[in-house]
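Trainee: I would like to learn how to read helices and internal cavities in a model. Can we work through one case?

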Amino acid sequence: MLSLFLASFLFFAIHAFISGTRLRGVLAGRLGEGVYMALFATVSAGTLFWVILSYRAAPNVVLWADVKGLQHLSLTLMLIAIVLAVLAFSTPNPTAAGSEGALARKQAARGIIKVTRHPFLVGVSLWSISHILANGNLASLILFGGFLALSLIGPPQIDAKRAAKHPEDWARFAAQTSWLPFAAIIQGRTKVTLAEIGWGRLAAGVVLYLVVLIFLHKWVFGVAPHPFA
């Protein structure tokens, strides 16, 4: 369990204290952007591999009993998480890497970005919570808790970097959306319809969820998450 904790903490640390801070700019300036990206990708991948191996070897320390209600909640959260992931990768987003130019548009927030400007990270949060609830053991709490922490500190870090680099454009964009899902809509700062989000995107997310639920999860991880297995 110690190995899993150390691996998870290291994976969290290199993203939280390097990638998401000014230290990234310092290192990239000294090493060169290309060298920095290569080193960061290598260390990140190696650490993730360590996390996976440690998780598989960790003992099963049960924290709470297998509860049907938690399983159903977990499956519901996963549906939302996967749909959000599909929407995130199919909708232009000024907060995404390499897409800052979209901030210059008068209406930079479109579709799901009006609901939350960080749909992928919100999806990761729900994915993490889903697996913590469903598994109910210490190893899952450490592993998925680390991803949950990263998904929660990521949005403020991204927002701060964009705001510092493009203050006027960011202020206009931020007024059209929110990090917390539906906050901008509830506050009356924006409006969105399901048609604008995209019926096709929503349907693709549901289909992917069913494929993962019924086929991929068991094939890749050896565990069927649905209650009909």
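Mentor: We will take one helix, then the cavity beside it in our discussion. This is a predicted model, where local features need pLDDT of at least 70, side-chain atom pairs count only at pLDDT 80 or more, and totals for chains, interfaces and linings use all residues. Residues are numbered from 1 along each chain as its sequence is written, and side-chain values use heavy atoms, without hydrogens and water.

Trainee: Which residues of α1 are buried?

Mentor: An α-helix has 3.6 residues a turn, so residues three or four places apart point the same way. Helices are DSSP runs of H or I, at least four residues, numbered from the N terminus. In α1, the buried residues (under 20% relative accessible area, 1.4 Å probe, protein chains only) are Leu4, Ala7, Ser8, Phe11, Phe12, Ala13, Ile14 and Ala16. Their cover includes α3 and α7.

Trainee: What lines the largest cavity?

Mentor: Rolling a probe the size of a water molecule over the atoms shows where empty space is left. A cavity is a set of points, on a 1 Å grid over the protein atoms alone, where a 1.4 Å probe fits but cannot get out; lining residues have an atom within 4 Å of a point. The largest cavity is lined by Ser8, Phe11, Phe12, Leu48, Val51, Leu143, Gly146, Phe147 and Leu150.

Trainee: Which helix gives the most to that lining?

Mentor: α7 does, with four residues. α1 (2–19), α3 (33–57) and α7 (138–165) each supply at least two.

How values were computed. 1 Å grid on protein atoms, 1.4 Å probe; cavity = no way out; pocket = protein on both sides within 12 Å on 5 of 7 lines; lining within 4 Å. Buried < 20%, exposed > 50% of the residue type's maximum accessible area, 1.4 Å probe, protein only. Contact = heavy atoms within 4.5 Å.
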